[in-house]
Amino acid sequence: MEFLDLDPIAHVRGTVQIPGSKSISNRILLLAALAEGETLIRGLLGSDDTQRMLEALDALGIACRQQGDTRDFTVQGGNGVFPVKQGEFFLGNAGTAVRSLTAALAMAGGEYTLKGVARMHERPIGDLVDALRVAGAKIDYLGNEGFPPLAIHPGQIGAGRRIPVKGNVSSQFLTALLMSLPLSGEDVTIELVGELISKPYIEITLNLMAKFGVTVENRNWQEFFIRGGQRYVSPGEVFVEGDASSASYFLAAGAIAAQGGALRVEGVGAESIQGDKRFAETLEQMGARVSWGPNWIEVAPPASGRLKAVDVDLNHIPDAAMTIAVAALFADGTTTIRNIESWRVKETDRLAAMATELRKVGATVEEGQDYIVVTPPTALTPNAEIATYDDHRMAMCFSLVALGGVPIRILDPNCTAKTFPTYFAELARIAG
């Protein structure tokens with residue numbers, strides 16, 4: 001589908017069941033593959049990113065079997081070993097797969113090539129490669145220095161080393177090291193250099209590693225100590241939470257236009273291990289009425305009927321922060337979102353893309369290196385054509401413009417297949 005025309009949406013109502021978390025799904029898949037024993041994964045996300053990981057694990061000799069028509073999968077772990085020692089893997093634009101597999105394969109003693117789409121070859125990976133080389137890995141760049149594609153060769157991962165890694169570009173680099181270095185069997189200390197962005201994603205990593213039997217000592221977010229002799233063991237059965245980032249679009253819709261009470265999102269709630277659940281707290285700052293359950297969140301518009309602008313640091317929830325930039329179109333005043341430089345190295349340069357597309361609907365926008373300032377127009381511009389840059393979150397964010405009573409055209413709506421293939425159908429359902 002080249003484009004999707006959305007009619008104005010007057011109200012939303014009902015309940016939305018969010019599909020599984022991409023971050024949790026791909027982490028669990030890799031941990032299950034590295035574990036001893038068979039793992040039953042319930043509610044695995046069905047998306048392009050998880051499909052790339054499943055294909056790679058299958059090619060590495062790890063049996064991953066879908067249970068009928070469900071989103072439940074069994075994974076037969078390799079007990080720290082990938083049976084196949086040579087291969088070339090295409091991982092699309094799946095950052096979670098490329099970064100985590102780079103580290104895991106560096107420990108695997110084989111010859112591997114990792115590549116992706118053109119945009120993936122523009123997304124930096126040098127900080128992770130530098131850290132792995134300190135650990136003893138042998139990795140070559142096949143294109144531009146510091147970027148995929150990569151050639152991975154058998155290396156000698158040293159024991160007891162201190163492994164420095166920068167944390168200011170992507171938390172996925174630290175996640176990749178945390179999940180792979182226990183395979184060395186020896187004491188390892190990962191030393192963080194500079195600021196760590198997206199700390200909640202590291203908390204997800206540590207939580208899931210513990211489910212599979214490996215604990216990490218977090219020394220005040222400066223060092224991470226992994227004691228040797230630990231190994232991954234299947235917990236038997238694990239459940240994938242709903243994706244809190246995907247929930248943000250419906251939570252924002254509820255804050256803007258819920259009718260007859262609140263819009264409920266199920267699959268993520270107060271007991272979620274995902275930091276992006278805190279998106280709802282930002283909506284509260286904007287005046288939305290929010291209620292929490294263990295596995296659900298309900299959001300209703302402010303009592304006044306309109307959101308208010310905020311000035312917020314959203315470094316901890318960079319993906320969900322994009323939704324606040326669009327929600328700012330429905331707020332009184334000027335909204336400022338700070339400390340989001342990581343947007344520039346995502347599926348697209350999200351700061352530039354967001355500024356460009358917000359201006360199309362009439363907003364006044366200031367774009368900085370690590371911030372964006374959004375002042376809503378008096379009236380939204382109808383029939384804007386929104387470019388999505390092959391970025392799923394751009395498509396889902398800008399669908400919310402239809403809640404402002406204007407039609408909008410979303411170009412390349414199928415890019416939502418990366419994390420939420422049925423997004424537009426779900427939006428249509430709650431819009432009646």
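## Exercises on a sheet, its helices and two cores

Helix α12, which spans residues 423-430, lies across β2 and β15 and runs at about 165° to β2. The model used in these exercises is predicted.

**Exercise 1.** Work out in which order the strands of the open sheet are arranged, and which strands form its edges.

*Solution.* Begin with the order of the four strands, which is β2-β15-β17-β16, and note that their pairing is mixed. Next, look for strands that pair on one side only: these are β2 (15-17) and β16 (289-293), the edge strands. Finally, follow the twist, which averages 15° from one strand to the next.

**Exercise 2.** Describe how β16 is joined to β17, and find the bridge partner of arginine 289.

*Solution.* Strand β17 covers residues 296-300, and five bridges join β16 to this strand, the two running antiparallel. Within β17, the residue that partners arginine 289 is alanine 300.

**Exercise 3.** Identify the strands that helix α7 lies across, and state what α7 gives to the largest nonpolar core.

*Solution.* Helix α7 (residues 244-257) lies across β2, β15 (263-266) and β17, and its direction makes an angle of about 35° with β17. The largest nonpolar core has 77 residues, and those with the most contacts inside it are Met354, Leu358, Ile372 and Phe398. To this core α7 gives the most, with ten residues.

**Exercise 4.** List residues that phenylalanine 398 touches, leaving out those up to four places away in sequence, and then name members of the second core.

*Solution.* Phenylalanine 398 touches Val326, Met354, Glu357, Leu358, Ile386, Ile408 and Ile410 when residues up to four places away in sequence are not counted. A second, separate core has 76 residues, including Ala35, Phe82, Met120 and Met179.

Notes. Residues are numbered from 1 along each chain as its sequence is written. This is a predicted model: local features need pLDDT of at least 70, side-chain atom pairs count only at pLDDT 80 or more; totals for chains, interfaces and linings use all residues. Side-chain values use heavy atoms; hydrogens and water are left out. Two strands pair if DSSP finds at least two bridges between them. Axes are lines fitted to C-alpha atoms, for helices over the stretch in contact, and angles run from 0 to 180 degrees between N-to-C directions. Contact means heavy atoms within 4.5 Å. A nonpolar core is a set of buried Ala, Val, Leu, Ile, Met, Phe, Trp, Tyr and Cys residues joined through side-chain atoms within 4.5 Å. Buried means under 20% relative accessible area, exposed over 50%, partly exposed in between (1.4 Å probe, protein chains only).
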